[in-house]
Protein chains: 2
Amino acid sequence: MAQKKRVTIQDIARKANVSKSTVSRVLNDTTPVAPEKETAVLAAIAELNYQPNIFARGLAGGQSLSIGALTQNIGSAFYDTIMRGIISGLKGSGYSPIFTDGRWELEEQQNSLQTLLERRVDGLIVVGGTLSGAALSKINEQVPVIVVARELEELQERCLFVDNQQAAYDATRFLIEAGHKQIAHITGEAAHQDTHRRKAGFVQAHADAGIELNPDLIVEGTFRRQSGILAVETLFTRGNSFSAIFAANDQMAFGARLALFRRGIRVPEDISLIGFDDQPDSAYMTPPLTTVRQPADLLGETAAAYMLQLIKKKPFTPPPFTTDLIIRESVALFR
Amino acid sequence: MAQKKRVTIQDIARKANVSKSTVSRVLNDTTPVAPEKETAVLAAIAELNYQPNIFARGLAGGQSLSIGALTQNIGSAFYDTIMRGIISGLKGSGYSPIFTDGRWELEEQQNSLQTLLERRVDGLIVVGGTLSGAALSKINEQVPVIVVARELEELQERCLFVDNQQAAYDATRFLIEAGHKQIAHITGEAAHQDTHRRKAGFVQAHADAGIELNPDLIVEGTFRRQSGILAVETLFTRGNSFSAIFAANDQMAFGARLALFRRGIRVPEDISLIGFDDQPDSAYMTPPLTTVRQPADLLGETAAAYMLQLIKKKPFTPPPFTTDLIIRESVALFR
DNA sequence: ATAATGTTTGAAACCGGTTTCAAGACGAAC
DNA sequence: GTTCGTCTTGAAACCGGTTTCAAACATTAT
């Protein structure tokens with residue numbers, strides 16, 4: 001059953017005794033139309049429950065009314081929150097988002113990108129990832145690009161990100177102020193920009209506090225839970241003592257926490273732990289994890305708003321993004 | 001810069017010295033074409049880097065080559081895994097997925113549905129949610145619908161789901177066999193089908209084991225972390241003793257675990273805990289959570305494969321889906 | 001050799017919108 | 001009363017594909 005024939009603009013035109021052109025005009029509000037005709041058209045649209053054909057519109061108008069969003073891990077809390085921000089930022093604009101998942105793999109990112117471009121998105125929001133700035137810059141010539149949670153030289157004003165170094169600095173300083181002097185750091189994956197920024201903040205905080213940093217206390221991780229476990233094992237293998245760990249993200253903090261648990265080491269009584277991202281589960285860690293919160297929702301919403309302005313070729317100045325240290329219970333004063 | 005003009009089928013035709021029709025034919029493989037012409041067309045396509053215009057194709061062919069997927073919480077591990085399954089199941093088929101998020105709110109689900117329908121998806125995969133069977137059944141008249149993780153009378157053969165009752169039965173039985181006799185259950189939200197199935201399994205396991213079940217040990221939750229905390233508080237307020245908790249999902253198990261932690265109650269030494277879903281974080285709980293695993297990836301992949309067959313109007317019989325009890329460290333023998 | 005059949009092929013119609021263009025209506029200015 | 005400019009409107013072209021249709025050609029049967 002169902003409606004055998006879809007209602008077209010022609011049907012509306014006929015019903016309202018006007019031409020297709022006029023219907024199109026009231027639909028898009030491009031040219032003034034006599035009030036009584038407009039009313040008639042609107043009535044016909046309502047009565048016939050007309051839905052414009054998106055393909056015809058896209059074909060004729062050259063617009064898809066969709067924004068592509070390429071994230072790296074739909075399903076991770078951080079990306080999810082950004083996505084929700086994008087959704088809500090686009091709400092009511094007539095544009096709808098199309099999400100794809102790059103899975104942190106370059107090939108997958110390229111495929112996803114290809115898919116979005118084939119779908120003729122009117123704008124592209126890239127969240128994280130490892131696509132080169134040059135590549136994105138080239139795409140930006142075709143369709144406006146905004147980059148979230150990453151900083152690219154080539155697309156300077158199009159990047160929305162927080163000051164990762166400062167955030168890591170704050171986190172480290174918090175540990176130092178709590179009396180910790182021997183602090184370990186589990187870094188992210190080397191290929192990531194954030195990894196280096198956060199590490200730099202960690203280092204800087206030591207320097208500013210006049211604490212000598214033992215390079216053996218820095219262990220390379222991958223941003224994944226598993227690597228948090230490995231990192232802690234590595235730390236103990238190396239044999240240096242430490243009273244706190246700063247993990248470059250919450251997932252690794254979870255891994256570290258499990259590794260400590262396995263060794264019967266208490267958190268925070270024996271060793272303090274601090275993460276980065278404030279993913280939802282972190283508040284439910286035992287003990288609840290002290291961590292750095294990024295305004296992921298705001299980043300997403302801003303990206304959407306920015307994109308809408310970009311499409312309209314209007315100027316836009318993104319607000320500053322600040323991070324917050326969420327103090328919970330995984331950090332103790334060093335006795 | 002960029003390509004000022006997009007390459008069209010006409011350009012290819014000209015270059016290969018054939019007509020548009022012929023190009024279209026080699027593109028879609030609908031009618032045999034002379035080998036030498038086919039080669040010429042293919043060469044032209046490669047040389048000019050031709051990408052078909054998806055709108056023109058959709059308009060002319062009446063196909064969008066996209067599959068809509070409506071999930072409830074992009075970002076929750078369970079939905080995420082299903083989504084990945086859908087992505088991988090669709091890979092190479094020419095169809096690409098469009099995801100929307102219903103957020104477990106009816107209005108949002110309806111909006112999302114509307115968006116997908118406007119986008120003229122060729123198929124719709126609904127994951128969970130609260131849209132009525134009648135509503136979905138009606139949509140199924142327009143476009144094939146598959147429902148994942150939910151069972152609907154109206155769309156019987158289109159539903160892919162696991163036996164929640166059996167899975168909950170297994171989990172409960174595991175606790176009983178470990179010697180637990182007073183087991184608490186934190187249910188999901190009443191509006192959900194799964195909630196009742198899981199509860200039924202919990203009840204049935206008691207009956208089969210000849211253990212009388214104290215109804216005070218069943219507390220209503222909402223599937224959210226927070227409700228796990230509340231549920232544990234409620235249990236202690238009620239004052240009944242119990243040695244194990246079966247939470248209807250992992251998130252609530254996390255909440256319960258935190259509540260126990262706050263009270264200084266050890267898991268599993270004092271109270272055992274078992275969850276449902278096996279979300280990634282669960283393996284990193286302290287102690288790692290024993291839980292029920294649903295084959296979410298398989299569900300997603302199957303949904304995609306099923307949809308492709310449906311579109312081709314071919315028959316398809318989904319494989320059986322089984323759950324696994326993932327035994328970790330949150331359950332102890334009752335002494 | 002002729003008729004019947006089958007295979008390739010291009011022209012043209014079509015999908016459902018948007019946009020250009022020119023004509024018609026109308027009020028203001030001369 | 002003309003002329004001019006502005007506003008509203010419909011016809012037609014166009015976007016870039018797919019599909020129908022009939023013609024052209026090749027193949028086989030009679």
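**Entry 1: base and phosphate contacts of DNA strand C**

I looked first at Lys20(A) in this predicted model: one of its polar side-chain atoms lies 3.0 Å from a base oxygen of DNA strand C. I then turned to chain B, where a polar side-chain atom of Arg25(B) is placed 2.6 Å from a base nitrogen of DNA strand C. For the backbone of the strand, I noted Asn53(A), which has a polar backbone atom 3.5 Å from a phosphate oxygen of DNA strand C.

**Entry 2: the surface near DNA strand C**

I listed 28 residues around DNA strand C; those that come nearest are Ile9(A), Ser24(A), Tyr50(A), Thr22(B) and Arg25(B). I sorted the residues of this surface by type and obtained 13 nonpolar, ten polar and five charged. I also asked which helices supply at least two residues each to the surface near DNA strand C. They are α2 (20-28) and α4 (54-61) of chain A, along with α2 (20-28) and α4 (54-61) of chain B. On the DNA side, I found that sugar or phosphate accounts for 53% of the strand C atoms within 4 Å of the protein, with bases making up the rest.

**Entry 3: the interface of chains A and B**

I recorded 55 residues of chain A in contact with 55 residues of chain B. The two chains bury about 5200 Å² between them, and 52% of this area is on carbon and sulfur atoms. Within chain A, the residues that lose the most area to chain B are Phe55(A), Arg120(A) and Tyr284(A), together 17% of what that side buries.

**Entry 4: cavities**

I searched the whole structure and found four cavities of 30 Å³ or more. The largest cavity holds about 140 Å³ of space. Its lining draws on both chains, including Phe55(A), Arg119(A), Phe55(B) and Arg119(B). I noted that α4 of chain A and α4 of chain B each supply at least two residues of this lining. By type, the lining residues are six nonpolar, four polar and two charged.

**Entry 5: the second largest pocket**

I read a volume of about 1000 Å³ for the second largest pocket. Of its 38 lining residues, Arg6(A), Asn53(A), Phe55(A), Gly58(B) and Arg120(B) are the closest to its centre. Which helix gives the largest share of the lining? I found α4(A), with five residues. Other helices that supply at least two residues each include α6 (106-118), α7 (133-142) and α12 (296-311) of chain B. I counted the lining as 17 nonpolar, 14 polar and seven charged residues.

Key. Residues numbered from 1 in each chain as written. Chains lettered and ligands numbered in written order. Predicted model: local features only at pLDDT ≥ 70, side-chain atom pairs only at ≥ 80, totals over all residues. Heavy atoms only, no water. Near = heavy atom within 4 Å. Polar contact = N/O pair within 3.5 Å; in protein donor to acceptor, adjacent residues only side chain to side chain. Helix = DSSP H or I, 4+ residues; strand = E, 2+ residues; numbered from the N terminus. Nonpolar A, V, L, I, M, F, W, Y, C, P; charged D, E, K, R; others polar. 1 Å grid on protein atoms, 1.4 Å probe; cavity = no way out; pocket = protein on both sides within 12 Å on 5 of 7 lines; lining within 4 Å. Points joined across faces, edges and corners; volume = space filled by probe spheres on them. Contact = heavy atoms within 4.5 Å. Buried area = accessible area lost by both parts, 1.4 Å probe.
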